[in-house]
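Let's take a friendly walk through this protein, with the sequence and the 3D view side by side. Keep the view open as you read.

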Amino acid sequence: MHLTAGAHWRLGVVLVLVSAGCGSVAPRPSLSAGPAAIPTSTGAETAAPTALASATPSRAPLPPPPAGAEVTDLSVETHRVPAAFTGHISAFVSLGDEIVWSGGPTDGDNDLYRLVTDVDEPELLFENHEGDSILTSIAGSAAGYLFTDERWDGGEPRGWRLWFLPEPGADPVLVDESTDDKLIAPTIAMDDHWIAWEVVHGTYDHRVNELRLASVSDPTGSRRSSRIRDATSTSSSRACGPTSSGTASPRTTGRQSPKSRVWR
C-alpha cells in the first residue's frame, strides 16, 4: 500500500490515540470522602480537556456604558410603625401615600388604621367594637375605604359584610352581605369613582357568581355587571367557604337587596 506524506501523518496520530486508549484503565473515583476519593490523572486524560477548553469561544466583554451615563442612587428611607398599633395585623394595603391595615395591639383588636407619609403616628380610621368581627380585606382611594367584615363563632363562619367608609371617623355604610354563612367573602377593589367586587351569592349548594359595581356617591345602589350560576357543584372551589358541615341559616335563603344602614 502506498501512503503519501499526509497519510503517514494522519496514521501516526491514529496510532498514538489508539495506544493511549488501550493502555491502563484509569481508576474509578471512590465514593468515600477524603483524598482517596480524588483519582490520579494521566497525561492522556488531561490533554483532551485542555484542547476542548482552548476550542471553546470566550464570552465577549460587556460594552462600556455610554459616555456621560450616571448611576442614580435610589436610597430608601424606612420608618418603623409603633408596635402599639401592629401587635396584631389581619390585612394591609398600600395606597401610595399611605398604608392601611386592620389589627391593633393584641390578637383581640381588629380596628382600621392608616399611616400617612411624613406623619409619625398612625391614625385610627374605624374602631371595631364587635368581638367576633375580623376585617379581612381592604381597598381604598381618595374617595374613602372599602373593607370586608367576617364573623366567626367557635370556629364556625357566621357570614361576611362589605362596608364603605367615606372618611376617617365616619360610620361605615353597608354595601353588601353574605346570603349563606359558608360562602366566601368577596374580592374587592375601588378607585376615586367606583366600587367593584366579585362575590358569590345564593346558597352553598346553589351558588351564583356575580361581578358588582357601585358609585362611591351611592354605594348601596349596586349594579350587577355579570352573573354566572352554579347550581350543581358542591365541591371545593373559589365559590366555597369553609367545608364545615351543617345546614344554612334560615336567614340565608333568597337574595336580599343591600340596605343602607350603618355599622351596629
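What pattern of helices and strands does the protein chain follow when read along the sequence? The order is α-α-β-β-β-β-β-β-β-β-β-β-β-β. In other words, the chain has two helices and twelve strands. Please keep in mind that this is a predicted model. Of the 264 residues in the protein chain, 31% count as buried.

**The four-stranded sheet**

A good place to begin is the open sheet formed by four strands in the order S1-S2-S3-S4, with antiparallel pairing. At its edges you will find strand S1 (88-94) and strand S4 (123-126), each of which pairs on one side only. On average, neighbouring strands of this sheet are turned by 30 degrees against each other, with direction ignored.

Two of the pairings can be followed down to individual residues, as the table shows.

| Strand pair | Sense | Bridges | Residues facing each other |
|---|---|---|---|
| S2 and S3 | antiparallel | six | Ser-102 and Leu-112 |
| S3 and S4 | antiparallel | three | Arg-114 and Glu-123 |

The hairpin of S3 and S4 has six residues between the strands. Within this hairpin, Asp-118 takes a positive phi near 70 degrees.

As you look along these strands, one general point may help: in a regular strand the side chains alternate between the two faces of the sheet.

**The largest pocket**

Asp-118 also leads us to the largest pocket, where it is one of the residues that lie nearest the centre, together with His-79, Leu-115, Val-116 and Thr-117. The lining of this pocket has 17 residues in total, and the space inside comes to about 340 Å³.

Which strands each supply at least two residues of that lining? They are strand S2 (98-104) and strand S3 (111-116), a pair already met in the sheet, where they are joined in the antiparallel sense over six bridges. Sorted by class, the lining of the largest pocket has six nonpolar, five polar and six charged residues.

**A buried aspartate**

Further along the chain, it is worth stopping at Asp-176, which sits in strand S8 (residues 173-177). Why does Asp-176 count as buried? Asp-176 counts as buried because its relative accessibility is 0%, and the cut-off for buried is under 20%. The side chain of Asp-176 also has a partner: it makes a polar contact with the side chain of His-201, at 3.2 Å.

Methods
Residues are numbered from 1 along each chain as its sequence is written. This is a predicted model: local features need pLDDT of at least 70, side-chain atom pairs count only at pLDDT 80 or more; totals for chains, interfaces and linings use all residues. Side-chain values use heavy atoms; hydrogens and water are left out. On a 1 Å grid over the protein atoms alone, a cavity is a set of points where a 1.4 Å probe fits but cannot get out, and a pocket is an open set with protein on both sides within 12 Å along at least five of seven lines; lining residues have an atom within 4 Å of a point. Grid points are joined across faces, edges and corners, and a volume is the space filled by probe spheres set on the points. Ala, Val, Leu, Ile, Met, Phe, Trp, Tyr, Cys and Pro count as nonpolar, Asp, Glu, Lys and Arg as charged, and the others, Gly among them, as polar. Two strands pair if DSSP finds at least two bridges between them. Axes are lines fitted to C-alpha atoms, for helices over the stretch in contact, and angles run from 0 to 180 degrees between N-to-C directions. Buried means under 20% relative accessible area, exposed over 50%, partly exposed in between (1.4 Å probe, protein chains only). A polar contact is a pair of N or O atoms within 3.5 Å; within protein, one must be able to donate a hydrogen and the other to accept it, and residues adjacent in sequence count only if both atoms are side-chain atoms.
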